[in-house]
Amino acid sequence: MQPFTTHTGIVAALDRANVDTDQIIPKQFLKRIERTGFGQFLFWDWRFLPDGAPDPAFELNRAESAGASILLARRNFGCGSSREHAPWALADYGFRAVIAPTFADIFFNNCFQNGMVPIRLDEADVAELFRRAAAAAVAGGQYRMHVDLRACTVSDDAGFSRPFTVDPFRRQCLLEGLDDIGLSLQHDAAITAWEVAHGLAPVRA
Amino acid sequence: MAARTLLDKIWDDHVVCSPAGELPLIYIDRHLVHEVTSPQAFEALRLAGRRVRRPEATFATPDHNVPTTDRRLPIADPVSKQQIDTLRANCREFGIRLFDLGDADQGIVHVIGPELGITQPGMTIVCGDSHTATHGALGALAFGIGTSEVEHVLATQTLRQAKPKSLEVRVDGRLAPGVTAKDLILHVIGRLSTEGGTGHVIEYTGEGIRALGMAERMTVCNMSIEAGARAGMIAPDTTTFDYLRGRDLAPRDFAAAVARWETLPSDPGAVYDRVEIFRAADVVPQVTWGTNPAQVVGVDAAVPAPDAFTDPNDRSSAARALDYMGLRGGTPITDIRLDRVFIGSCTNSRIEDLRAAAAVVRGHRVASTVSAMVVPGSGRVKRQAEEEGLDRVFREAGFDWREAGCSMCLGMNPDILTPGQRCASTSNRNFEGRQGKGGRTHLVSPAMAAAAAVAGRFVDIRGWEYK
Ligand code: SF4
């Protein structure tokens with residue numbers, strides 16, 4: 001997995017609550033058996049008009065979102081289906097962090113497995129970030145932020161800075177890009193002990 | 001020992017180890033696998049040279065992609081076919097039991113798990129699917145996981161998890177006639193919101209829950225994720241034990257198992273992190289009007305206007321939803337006309353659901369403006385329904401009678417809505433495009449869906465004339 005330490009990038013402001021994983025990656029793209037190449041299908045039904053042209057009104061298609069790698073959204077981001085294709089699509093499109101007041105549990109967990117940091121901030125802080133992003137767009141520019149996973153802070157160039165919390169274990173795995181299955185297999189003796197204590201035959205090595 | 005909840009007991013029993021600085025590892029008793037969220041996990045396993053630790057604890061079936069038309073014909077969509085073939089090859093390679101297409105017991109993974117007795121009280125059960133919560137109806141801790149976690153469970157039979165918080169949803173009193181488990185859970189989600197259960201496991205308690213049969217309990221637990229909770233559970237009781245007795249994979253020493261299971265219910269005085277209390281008498285038949293399951297009202301109400309919401313997020317969500325749904329605030333629900341009706345999905349495709357729908361349909365005809373289909377949840381449900389003559393009731397009324405699968409719940413197979421079509425659906429998600437791009441989904445109970453098919457618009461099932 002790609003490690004994550006610090007990241008600076010353009011913010012795309014997606015001003016919607018309850019963005020579900022069906023929107024992030026619609027079902028017709030779940031038939032692929034690969035883990036890569038999903039970025040082209042990200043937000044398909046919102047991003048493209050029926051004739052296949054990009055919808056200029058959609059947040060990610062606007063000039064201020066070009067090259068964005070930090071996604072800003074409202075409450076309950078990533079709700080619905082457990083499909084990991086959603087973080088795969090976001091990561092493949094180029095996102096390294098998602099900032100929202102709250103996330104759905106499964107999506108939140110899935111991010112960490114894909115080198116992407118989900119960042120929870122207060123609703124008021126998120127509202128402030130939306131204002132700053134909008135102001136930058138009105139001025140014809142782009143809004144940049146910095147994410148520092150070592151210090152667990154998120155900031156911009158104009159004085160905004162907030163701490164955020166992540167589970168220490170998930171953070172460590174992300175900082176080091178660890179294979180967590182490998183880590184879990186180091187506890188093989190404990191797993192076997194549990195199985196034996198629960199009447200299961202030991203697994204042959 | 002302090003009084004413990006059902007969740008506490010299952011959790012404590014499954015912690016393998018809790019090393020300092022790491023998330024606890026919990027043991028997974030049953031792992032269910034389907035074709036959409038597993039290929040990448042098997043591929044990664046193969047690349048790392050790992051194997052499946054407990055193939056005998058792992059069960060697979062294709063359900064999301066499968067055609068619901070004649071099973072003797074080849075699958076027309078080559079990409080769907082490839083995904084199903086991949087599942088087959090992976091199960092063969094790793095020694096996993098597969099209920100394949102053409103197998104008499106194939107079906108939606110959350111229907112066949114309980115039906116075959118794979119699901120049992122006190123177990124931890126996972127699947128790369130958010131509606132795994134269904135299995136909690138039997139007193140298991142069951143939740144959906146992502147594909148990386150599927151790989152983790154395949155390789156280690158464990159999962160890294162922080163212990164979730166507990167939320168008691170207590171339902172006092174009993175549901176009124178004509179009001180179903182589906183209406184109850186939609187009502188609960190409407191009040192909790194789509195994120196009210198985030199970070200929690202819901203335990204449903206109270207007389208209103210105890211009085212429900214197994215299929216109804218599954219309907220309730222199934223939709224826990226729609227309130228943001230990864231799992232929902234109901235303490236096992238005689239209803240549970242009677243359901244499981246004699247199932248193919250139920251424990252052979254059933255009496256001993258029951259004795260174990262009887263220790264599972266929450267102890268008197270056990271403390272939940274949060275409690276929400278509902279009155280069954282407040283629940284009327286529900287119809288969703290928006291694009292998430294919490295956007296719901298009673299059939300006797302009207303579509304709300306965005307102004308009715310004080311929270312700015314809710315207001316803008318409502319405005320966006322009404323625009324997508326082609327609805328105006330103030331429209332009575334019973335004025336909404338339908339183009340399609342779908343009876344199926346892991347929420348409502350069990351034999352009890354089909355009986356309820358057939359009772360409504362018997363002696364009636366589907367409205368000429370409506371196209372309606374019934375998709376049984378499993379091969380077994382289909383056979384049972386045919387033995388009872390329900391298929392004839394549906395067919396004679398003008399319904400399509402299909403083979404088992406997820407079908408138009410998510411439209412990964414050819415069963416989809418076309419843009420603008422409006423559908424009464426017994427499934428669990430009314431997200432934009434869920435049943436087909438531009439499609440408009442209203443979630444309802446099987447009886448309400450059946451009545452809507454006949455009337456061509458929503459009707460209050462409590463006034464239905466059964467023939
Ligand atoms: S029926 Fe629908 S919700 Fe249930 S498993 Fe299939 S796609 Fe998912």
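What share of the 467 residues of chain B count as buried? In this predicted model, the figure comes to 66%. That makes chain B a handy place to start.

Chain B is built from 15 helices and 19 strands. Its radius of gyration is 21 Å, close to the 23 Å that the globule rule gives for 467 residues, so chain B is as compact as a globular protein of that length. Laid out along its principal axes, the C-alpha trace of chain B fits a box of roughly 60 × 55 × 45 Å. As for how the chain is wired up, take the contacts in chain B with a sequence separation of 6 or more: 76% of them link residues 24 or more positions apart. On the outside, chain B exposes about 15,700 Å², and 50% of that comes from carbon and sulfur atoms.

Now for chain A. Here the count is 8 helices and 7 strands, and 56% of the 205 residues are classed as buried. Along the principal axes, the C-alpha atoms of chain A take up a box of roughly 65 × 45 × 25 Å. Looking at contacts in chain A between residues at least 6 apart in sequence, 66% bring together residues at least 24 apart. The exposed surface of chain A amounts to about 8,100 Å², with carbon and sulfur atoms supplying 53%.

How do the two chains meet? The size of an interface is often given as the accessible area lost when the parts come together. By that yardstick, chain A and chain B bury about 5,300 Å² between them, and carbon and sulfur atoms make up 49% of this area. On the chain A side, Lys27(A), Lys31(A) and Trp194(A) lose the most area to chain B, and together they account for 15% of what that side buries. Counted by residues, the interface puts 60 residues of chain A in contact with 69 residues of chain B.

That leaves the ligand. The residues surrounding it come from chain B, with three histidines in the set: His64(B), His110(B) and His131(B). Three cysteines are there too, namely Cys346(B), Cys406(B) and Cys409(B). Ile108(B) and Leu410(B) also belong to this shell, as do Ser345(B) and Asn428(B). Asp129(B) and Arg434(B) complete the surroundings of the ligand. Sorted by character, the shell splits into 5 nonpolar, 5 polar and 2 charged residues.

Conventions
Residues are numbered from 1 along each chain as its sequence is written. Chains are lettered from A and ligands numbered from 1 in the order in which they are written. This is a predicted model: local features need pLDDT of at least 70, side-chain atom pairs count only at pLDDT 80 or more; totals for chains, interfaces and linings use all residues. Side-chain values use heavy atoms; hydrogens and water are left out. A residue is near a molecule or strand if one of its heavy atoms lies within 4 Å of it. Ala, Val, Leu, Ile, Met, Phe, Trp, Tyr, Cys and Pro count as nonpolar, Asp, Glu, Lys and Arg as charged, and the others, Gly among them, as polar. Helices (H or I, at least four residues) and strands (E, at least two) are DSSP runs, numbered from the N terminus. The radius of gyration is taken over C-alpha atoms; the globule rule is 2.2 Å times the number of residues to the power 0.38. Buried means under 20% relative accessible area, exposed over 50%, partly exposed in between (1.4 Å probe, protein chains only). Contact means heavy atoms within 4.5 Å. Accessible areas come from the Shrake-Rupley method with a 1.4 Å probe; for residues, only the protein chains shown count as cover. Buried area is the accessible area (1.4 Å probe) that two parts lose on being put together, summed over both.
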